[in-house]
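Here are some notes to go with the structure you sent round. I've put them as numbered points so you can look at each spot in turn.

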Amino acid sequence: MSVSIPFHAVIVAGGRGERAGLPIPKQFANFAGRPLLRWSVQAFAAHPSCVSITIVVPDDPESRALAADAVAGTEVRITSGGATRQLSVAAGLAALDDAAEIALVHDAARPGIDAQVIDALLAPFQDRAVSGTLPALPVADTLSRVDAHVLDAVVDREKIVRIQTPQAFRLAELRKAHANWAGVAATDDAQMVRMAGGRIIVVPGSRKLEKITLNEDFQAVEAMLAPSKPAQVPARVATGMGFDVHRLIPGEGLWMGGVFIPFHQKLEGHSDADVVLHAITDAVLGAIGEGDIGTHFPPSDAQWRGAPSDRFLDHARRLVEAQAGSISHVDCTLICEAPKVGPHRSAMRSRIAEILRVPEEYISIKATTTERLGFTGRGEGIAAQAIATVVFPASGSAP
Ligand code: MG
């Protein structure tokens, strides 16, 4: 159950990432199938309480272009940062409006953020006395002071934690802490708010939130975040097909593949009539033998009126996971004369990948006309067909 406290997300992607030894800053480099930055952006975008996402990038046109490319298809604000992390965060905060009282500040180098961490960070804010929250991990190793290579006293590790991001704050307090900060450049925001008198609550961190600093960290974190590349031979591969049609009626645009396309018509239907997501949902349900979209979301049930169809596909994804399966491929063909699909193909792919929580490479979107023949040819409606492939691990092996 997610906590519904609206928040702004600020992702600091301002580093040059030279230590990673990559040709481009690491936040824009490919990581398990998508740019590193996109992992965090998608996690925030998928959270129902996130009202805006601001990315702070180095102050040069190339970085802005790389960032725009890395997050294409998701609504984000791209802001130029400063010379230090602290100045970059301040630049991000300056861009926020008052649509939310809470801001989550995150480092793009930590791709393993998920809804569970976000919820854990938000929950303590129900207490008005809480200024901020952060995830932290206990320290497993013995910690000791050292003085010029000579061992000094052991530090009590029970009182030490390793601090991660995102860190969440009441926006007004964080802004004030930044404005009044007089110390040396701070490496995280929680210490600034704490020094300003704020109370920061520590919630359990996650190994998945480890920071990627060096090139070899890419492989280590990737192995943790992308278990969809199983080493073992799958026990079973299943495919399912889906087909859907919706009628075109006068309107101002339509939803296809989770993307709104302005058009002089819309698709008629009980939900948002997203013909692409409906076909894919049926294909995924077909692969796991779970009936069809109408079984789970009956059109007779008023609660699905106007519903965004991403929730249908999200439900199907959960059912796949409940069977320990993983979606390895989806291919969809749209059949229509208009609107043109090409300009929206990439946004659809990335949105569908986001809903299914798979790399974009697993998603294919194609389009065809029917040479003006039949109902699609006459522009009376749009059809979509899809095929989904689900892989199940060998029985008895760890999922
Ligand atoms: Mg439908």
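1. Is A324 buried, exposed or partly exposed? Keep in mind that this is a predicted model. A324 has a relative accessibility of 35%, so it counts as partly exposed. You'll find A324 in the loop between helix 10 and strand 17. Its phi is near 65°, which is a positive value in a residue other than glycine. For background, most residues other than glycine have a negative phi.

2. A148 is another one to click on. Here too phi is positive in a residue that isn't glycine, this time near 50°. A148 sits in the loop that runs between strand 8 (143-147) and strand 9 (150-155). With a relative accessibility of 61%, A148 counts as exposed, because the cut-off for that label is over 50%.

3. Now the metal. Which protein atoms hold the magnesium ion? The donors are D244 through OD, H246 through NE2 and H278 through ND1, and they lie 2.2 to 2.3 Å from the ion. Along the chain the donors follow the spacing D-x1-H-x31-H. H246 belongs to strand 13 (residues 236-250) and H278 to helix 8 (residues 275-287), so this pair ties together parts that are 32 residues apart in sequence. Both H246 and H278 are buried.

4. Since H278 comes from helix 8, have a look at that helix as a whole. Helix 8 is mostly covered, with twelve of its 13 residues buried. Among the buried ones are V275, V276, L277, H278, A279 and I280, as well as D282. The length checks out too: at 1.5 Å a residue, the 13 residues should span 18 Å, and the end C-alpha atoms are 19 Å apart, which agrees.

5. Next, helix 11 (residues 345-356). Its twelve residues should span 16 Å at 1.5 Å a residue, and the end C-alpha atoms are 16 Å apart, so the two figures agree. The buried residues in helix 11 are A347, M348, S350, I352, A353, E354, I355 and L356. Right after the helix comes R357, with a positive phi near 60°.

6. How do helix 10 (residues 310-322) and helix 11 meet? Their axes come within 8 Å and cross at roughly 45°. That angle makes helix 10 oblique to helix 11. Helix 10 brings D310, L313, D314 and R317 to the contact, while helix 11 brings R351, I352, I355 and L356. By type, the contact residues divide into four nonpolar, four charged and no polar.

7. Two proline peptide bonds deserve a look. In general, most peptide bonds are trans. The bond joining T165 and P166 is cis, with omega about 10°. P166 is in the loop between strand 10 (161-163) and strand 11 (167-170). The bond from A338 to P339 is also cis, with omega near 0°. P339 is in the loop between strand 17 (326-335) and helix 11.

8. A338 and P339 turn up again around F263. What does F263 touch, leaving aside neighbours within four places in sequence? It is in contact with L248, G251, E252, G253 and L254, plus A338 and P339. F263 itself is in the loop between strand 15 (259-262) and strand 16 (265-268). Its relative accessibility is 16%, so F263 counts as buried, the limit being under 20%. For a sense of distance, F263 and V391 are 128 residues apart in sequence and 37 Å apart in space, C-alpha to C-alpha.

9. Last one: R162, which lies in strand 10. Not counting residues up to four places away in sequence, R162 touches P135, A136, L137, P138, V139 and E210. One of these partners, V139, is 23 residues away in sequence from R162, and the C-alpha atoms of the two are 6.7 Å apart. R162 has a relative accessible area of 38%, so it is partly exposed.

Note on methods
Residues are numbered from 1 along each chain as its sequence is written. This is a predicted model: local features need pLDDT of at least 70, side-chain atom pairs count only at pLDDT 80 or more; totals for chains, interfaces and linings use all residues. Side-chain values use heavy atoms; hydrogens and water are left out. Donors are N, O and S atoms within 2.8 Å of the metal (3.2 Å for Na, K and Ca); water is not among the atoms, so sites may look incomplete. Helices (H or I, at least four residues) and strands (E, at least two) are DSSP runs, numbered from the N terminus. Buried means under 20% relative accessible area, exposed over 50%, partly exposed in between (1.4 Å probe, protein chains only). The expected span of a helix is 1.5 Å times one less than its number of residues. Axes are lines fitted to C-alpha atoms, for helices over the stretch in contact, and angles run from 0 to 180 degrees between N-to-C directions. Angles under 35 degrees count as roughly parallel, over 145 as roughly antiparallel, 65 to 115 as roughly perpendicular and the rest as oblique. Contact means heavy atoms within 4.5 Å. Ala, Val, Leu, Ile, Met, Phe, Trp, Tyr, Cys and Pro count as nonpolar, Asp, Glu, Lys and Arg as charged, and the others, Gly among them, as polar.
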